[in-house]
Amino acid sequence: MITVDSESFLTVVAVGAIAAFAAGVIGPHLTIPVVVLEIVLGILVGPELLGFAEPDDFLDFFSSLGLGMLFFFAGYEIDFERIRGSPLKLGALGWLLSLVLAYSLGGLLSLTGLILSLLFTGSALATTAIGTLIPILSDAGELRTRFGTYLLAAGAMGEFGPILLITFVFSTQSAIDNAAILLAFILVAVIAAVVAVRGVGRHWALFERTLETSGQLAVRVAVVAVFALATLAASLGLDLLLGGFVAGVIVRIALHGHEVAIFESKLSAVGYGFFIPFFFVVSGVKFDLSALTENPLRLLELPMFLALFFVVRGAPALLLYRTALERRARVALAFFSSTELPLVVAITTIAIDQGHMRSSTAASLVGAAILSTLIFPLVGLRLRAGESAREAAPA
């Protein structure tokens, strides 16, 4: 039986609201992603500082739900019709190049003794937090620009690729078993997509009619899809991130051709208004601050990893997009692509559980990911200032 720490639960909920309020107040003067404030305030109220909140199974449960919803929105924003062709090819090639760079640098760090496993550290370096960036890009009007198309493609590969790595490489099962399980999951997902497309086509009038009533059928069905596929993925031994991501892709496909502005607004309210803040605030509460502060030399790892994020994910953007984007846009793409957080938390958690990473290394990686989410999008937005209004996304 799970014991509910009501004070910690209330603290996490309150911190989510305070973070949103602070972001709104600061916003006109300085753009700070609300997720950064959620994590920083989570650290502040956590056991190592104020001690208002303690991590427990109940908070971990809600944190997992928030992570699933976060990756649902990451999958939902991937419009494959829009990013097919050059954006998707460049995104895939860029991520493969990132993987080569990440494992090469991870190997060097492993040889020096700074890290225990090149596999886990390298995989963490090769991610992109597109799910975290989406609300920032949406608020800035970038999602519908040509630049946004290339960024969504690069981010999709930087998020989906590492999810597959988690599924295959980090699992304790054999590669053959993993492949069979993944194929079974894909089969179920394809069937679910076909059913969803037909169901929405036949009953869209009903879905649309209930959007302004207490029934909220479309929102409830979408939430069921997220948790059902996340549960299926977890029960098959896959990561729940894969389930949330695929659920988002399926809902996007099913709603193609329909007017979904109201639906998206209501679903965003459910996800970003309640579930997703739990993941970021609880990540802050669980942050191992002492692992960094006990040894001052470990603090040097934090800026090192921040720089490596940019090298691993930013270099491909600078090298591969020379014919697709002008120089200023390529630099902006490099900074946005180098923004990392949710998968860094997930990978470091797995690595520590399996004894392949020190707590200090995990804290440095997560700390660097927090800084990347604070700094890199701001630089990217500054580079893009005024451009999004003059661009239109390709048809």
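**Figure 1. Helix H2 and the helices around it.** The buried residues of helix H2 pack against five named partners: helix H1 (6-26), helix H7 (130-139), helix H12 (261-285), helix H13 (289-293) and helix H18 (359-384). The view, like those that follow, is drawn from a predicted model. The residues of H2 that are buried are Val35, Val36, Leu37, Glu38, Ile39, Gly42, Ile43 and Val45. Helix H2 covers residues 34-45, and its twelve residues should span 16 Å at 1.5 Å a residue; the end C-alpha atoms are 16 Å apart, so the expected and computed spans agree.

**Figure 2. The whole protein, for orientation.** The secondary structure consists of 18 helices and zero strands. The C-alpha atoms occupy a box of roughly 60 × 55 × 55 Å along the principal axes. For 395 residues, a compact globule would have a radius of gyration near 21 Å, and the 20 Å of this protein agrees with that. Of the 395 residues, 52% are buried. Among contacts between residues at least 6 apart in sequence, 82% join residues at least 24 apart. The protein exposes about 17,200 Å², of which carbon and sulfur atoms supply 68%. The protein carries 22 positive and 28 negative charges, and the mean positions of these two sets are 13 Å apart.

**Figure 3. Helix H5 and the glycine that follows.** Helix H5 takes in residues 86-112, and at 1.5 Å a residue its 27 residues should span 39 Å; the end C-alpha atoms are 39 Å apart, in agreement. Buried residues of H5 include Pro87, Leu90, Gly91, Gly94, Trp95, Ser98, Leu99 and Ala102. Further along the helix, Gly106, Gly107 and Leu109 are also buried. In an α-helix there are 3.6 residues a turn, so residues three or four places apart point the same way. Just after H5, Gly113 has a positive phi of about 85°.

**Figure 4. Arg313 and its surroundings.** Arg313 belongs to helix H15 (residues 301-320). With a relative accessible area of 4%, Arg313 is buried, the cut-off being under 20%. Setting aside residues up to four places away in sequence, Arg313 touches Gly94, Trp95 and Ser98, among others; these three residues are buried in H5. Other residues touched by Arg313 include Leu125, Ala126, Thr127, Thr128, Ala154, Gly158, Ser337, Ser338 and Glu340. Leu125 and Arg313 are 188 residues apart along the chain, yet their C-alpha atoms are separated by 7.8 Å.

**Figure 5. Arg252 in helix H11.** Arg252 is part of helix H11 (residues 240-254). Its relative accessibility is 16%, and Arg252 therefore counts as buried. Apart from neighbours within four places in sequence, the residues in contact with Arg252 are Tyr76, Glu77, Ile78, Asp79 and Arg144.

**Figure 6. Gln216 in the loop between H9 and H10.** Gln216 is located in the loop that joins helix H9 (175-209) to helix H10 (217-235). Although not a glycine, Gln216 has a positive phi of about 45°. Most residues other than glycine have a negative phi. Gln216 counts as buried because its relative accessibility is 18%.

**Figure 7. Val194 in helix H9.** Val194 is placed in helix H9. Its relative accessible area is 39%, so Val194 is partly exposed. The C-alpha atoms of Val194 and Val366 are separated by 38 Å, and the two residues are 172 residues apart along the chain.

Definitions and conventions. Residues numbered from 1 in each chain as written. Predicted model: local features only at pLDDT ≥ 70, side-chain atom pairs only at ≥ 80, totals over all residues. Heavy atoms only, no water. Helix = DSSP H or I, 4+ residues; strand = E, 2+ residues; numbered from the N terminus. Rg over C-alpha atoms; globule rule 2.2 N^0.38 Å. Buried < 20%, exposed > 50% of the residue type's maximum accessible area, 1.4 Å probe, protein only. Contact = heavy atoms within 4.5 Å. Areas by Shrake-Rupley, 256 points an atom, 1.4 Å probe, with all protein chains shown as cover. Lys, Arg positive; Asp, Glu negative; His and termini not counted. Charge placed at Lys NZ, Arg CZ, Asp CG, Glu CD. Expected span 1.5 Å × (residues − 1).
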